[in-house]
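Work through the exercises below with the structure at hand. Each task is followed by a solution in steps.

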Amino acid sequence: MVNKIYLKAVAFSIVFALAVFFIINQLDAASIGRLESKITDSQLSVQESNLFFEILSEASDKEKVCEIIQQKIDSQSMKNAGLIDAIDQAEKSIFIVDFTGLKKSYFLSNAELFFLIKKSNEVCNENNQTILYFYRDAKPLCSDCIVQGKILDEIRAKCGNVKTFAFPIDLDLGFVELFKTLYGIDTVPSMVINEKNVFNGLASEQEIMPKIQCGT
Amino acid sequence: MALKAKTLMAFLAFILISAIAIEVFTIYWVVVAITLVFLFTGSMFFFAYLETEVPEIPKPRKWPAVSVIIPCYNSESTINKCVESAKAMKYNSKVEVIVINDASTDSSLEILKGIPGIKIIDKKKNEGKAAGINSALKIAKGELVCCIDSDTYPSMDALQNAVPFFTDETVGAVTCLILANEPKTFFGHMQNLEYMLGFGFYQTTLSLMDAAMITPGPMCVYSKKALLKVGGYDEHNITEDMEIALRLQKNSYKIKASHYAKVYTVVPGTIKQWIRQRLRWYRGKIYNTLKYRELLFSRQHGFLGNFSLPFTFMLEMGSVFILFLVAVMLLESLVFVVQVMLSAMSINYSLALYLPPVIIHSSAIFFFATTLSTFGLAMAVSFDLAKEKFRLKDIPPTVFIILFYGIMVALMWLMSLFKEINRSDYTW
């Protein structure tokens, strides 16, 4: 006969473990919730800016509206750049929850922002410089991507008008696949600067700088 | 002793298994699995503790005569106080004190000769503690023998509070609550807490389950009949106090614990001494667990065979495994850091030292919730059993134990395991 202490201990262990996992799940869900609301903010901001473009066509003071749109773009691209680090951190520390959906909606929103900037450059004649940056998210770990990311951070710090959009190539995102075929991307890290200059492989600051018009 | 090929192989095997475990399950699930073993073991202790009432000191029918045996080797600094405290113990019947001078090269013998009322066995050749006790057993008159280390000072009522636990013929030994003697340093204080935990909650509960794994060397009372019947101490064992405990139980004797009998032992004052002590203890534990592997999961040995021996062993090896996992993780990070530095160099980009972000994974909550609640409860019970109060000054060593002591102990287990695999020479 199995001693009842064993049974009690097994039962208690299960209950304790489940209780702790429940708490972990709640905490994880809370932090995911915070990220989700930030992503929603980003989506709303893009939507709102698109709305401004609608207004723009009827507005008398076009410059004023363009200025508002540019302000929104600046602040949102800043927020989005920070958000990806937060998502990465959360994904690495969260236990059971699947992150794919969350990440997809983030990258989609980031892509929308990219097209918004494109539109702003065309319609408002803004001098936003765009860098599409492709990296690998999962294993094998990409050491070049770390370096490339740092270089892009530095360029962004120097030139306020440079907007970077980082996209993982291994997340099965439809539009990323489209970008890849469009620009002939075949490796990581790789970059498309202002939609024409393509860098396949790690590129130094000296190589990138001539391709962009650095401004504030 | 040189590193043997099989030790190296074992080491590489550990690394390989850790790497595979990380790759297949991720480190988090491996830690969760090990934590589940922690949790189950902790729960076992608590249910065993709750199930059985901690006994009051029984009322003995008789007070048998006791022979106190103190083996002494180069203990000039402690032997006087040790013998004096042993002599000063209150006891309702006859007590004789036998001290074995194990060919000390210091002034121990002179000190002993100055103490009246003790028998001295003066050995000309150093033969070790176990042999000393065995030779004293031959002349001991008491029905019970109380073995005390020469660096241990029993409290006045230690014997009086231990002997009543010999309630019947099947009790082979009664262990005491061992604490650190006058812990003044932080390190000493920490060990005191560790002893209180080990001999308070854990040893008491194990004895309630009849599953004690050790009759600790500093002080333990044995039935002389039982000791002689099982053949006395093993003279070639590095932890003879664990060996004898297992052998007594293998021969169907029980080990009881009296947390009422407090004794104070001198604990290592330096890390170096501590490492030596732990390597001896833990190598002894590994060696003796394997020596008595027939007890593992054997039906007639109850909780000893089914629970305490296998599960503590699993946890100890689990802690070694966690160290390996962490080491492999760190190694992987290190390799990646080097790769990052190299790719920065390849384009002449001056990158200040790249450090991967530190991530606290949420599975750590499970690990800490389990270990902290087990630790906290065990501490609370231990303080209660030792009739001590948790004071403000206990907080820093407690925090240190929680944060670092586990890692130190796990490291000692790792070293012990590989020294044992390597069959390196034993050092005392």
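**Exercise 1. Find the accessible surface of chain A and the share of it that belongs to carbon and sulfur atoms.**

Solution. The model is predicted, and the values below are computed from it.
- Step 1: the accessible surface of chain A is about 11000 Å².
- Step 2: carbon and sulfur atoms hold 57% of that surface.
- Step 3: for the charges, chain A has 22 positive and 28 negative ones, and their mean positions lie 6 Å apart.

**Exercise 2. Compare the radius of gyration of chain A with that of a compact globule of 216 residues.**

Solution.
- Step 1: for a compact globule of 216 residues, the expected radius of gyration is near 17 Å.
- Step 2: chain A has 22 Å instead.
- Step 3: the spans of the C-alpha trace along the principal axes are about 85 × 40 × 30 Å.
- Step 4: as to burial, 47% of the 216 residues count as buried.
- Step 5: take the contacts in chain A with a separation of 6 or more; 69% of them join residues 24 or more positions apart.

**Exercise 3. List the secondary structure of chain A in order along the sequence.**

Solution.
- Step 1: count the elements, which gives 6 helices and 4 strands.
- Step 2: read along the sequence, and the pattern is α-α-α-β-α-β-α-β-β-α.
- Step 3: locate the cis peptide bond, which runs from A:Val188 to A:Pro189 with omega near -10°.
- Step 4: place A:Pro189 in this order; the residue sits in the loop between α5 (174–183) and β3 (190–193) of chain A.

**Exercise 4. Decide whether A:Thr130 is buried or exposed, and name the residues that A:Thr130 touches.**

Solution.
- Step 1: A:Thr130 belongs to strand β1 (residues 129–135) of chain A.
- Step 2: the relative accessible area of A:Thr130 is 4%. Buried means under 20%, so A:Thr130 is buried.
- Step 3: leave out residues up to four places away in sequence; A:Thr130 then touches A:Phe114, A:Ile117, A:Lys163, A:Phe165, A:Val192, A:Ile193, A:Asn194 and A:Glu195.

**Exercise 5. Describe the contact between chain A and chain B by area and by residues.**

Solution.
- Step 1: the size of an interface is often given as the accessible area lost when the parts come together.
- Step 2: between chain A and chain B, about 3100 Å² is buried, with 74% from carbon and sulfur atoms.
- Step 3: on the chain A side, A:Ile5, A:Tyr6 and A:Phe95 lose the most area to chain B, together 21% of what that side buries.
- Step 4: by residues, chain A supplies 34 to the contact and chain B supplies 38.

**Exercise 6. Explain why helix α8 of chain B counts as largely enclosed by the rest of the structure.**

Solution.
- Step 1: the helix covers residues 240–250, 11 residues in chain B.
- Step 2: because 10 of the 11 are buried, α8 is largely enclosed by the rest of the structure.
- Step 3: among the buried residues are B:Glu240, B:Asp241, B:Arg247 and B:Gln249.
- Step 4: after α8(B) comes B:Ser252, with a positive phi near 65°.

**Exercise 7. Two residues of chain B, B:Asp210 and B:Asn348, have positive phi. State where each lies and how exposed each is.**

Solution.
- Step 1: B:Asp210, not a glycine, has a phi of about 55°. B:Asp210 lies in the loop between α6 (186–208) and β7 (219–223) of chain B.
- Step 2: with a relative accessible area of 28%, B:Asp210 is partly exposed.
- Step 3: B:Asn348 has a phi near 55° and lies in the loop between α10 (302–346) and α11 (363–385) of chain B.
- Step 4: exposed means over 50%; at 70%, B:Asn348 is exposed.

Terms used. Residues numbered from 1 in each chain as written. Chains lettered and ligands numbered in written order. Predicted model: local features only at pLDDT ≥ 70, side-chain atom pairs only at ≥ 80, totals over all residues. Heavy atoms only, no water. Helix = DSSP H or I, 4+ residues; strand = E, 2+ residues; numbered from the N terminus. Rg over C-alpha atoms; globule rule 2.2 N^0.38 Å. Buried < 20%, exposed > 50% of the residue type's maximum accessible area, 1.4 Å probe, protein only. Contact = heavy atoms within 4.5 Å. Areas by Shrake-Rupley, 256 points an atom, 1.4 Å probe, with all protein chains shown as cover. Lys, Arg positive; Asp, Glu negative; His and termini not counted. Charge placed at Lys NZ, Arg CZ, Asp CG, Glu CD. Buried area = accessible area lost by both parts, 1.4 Å probe.
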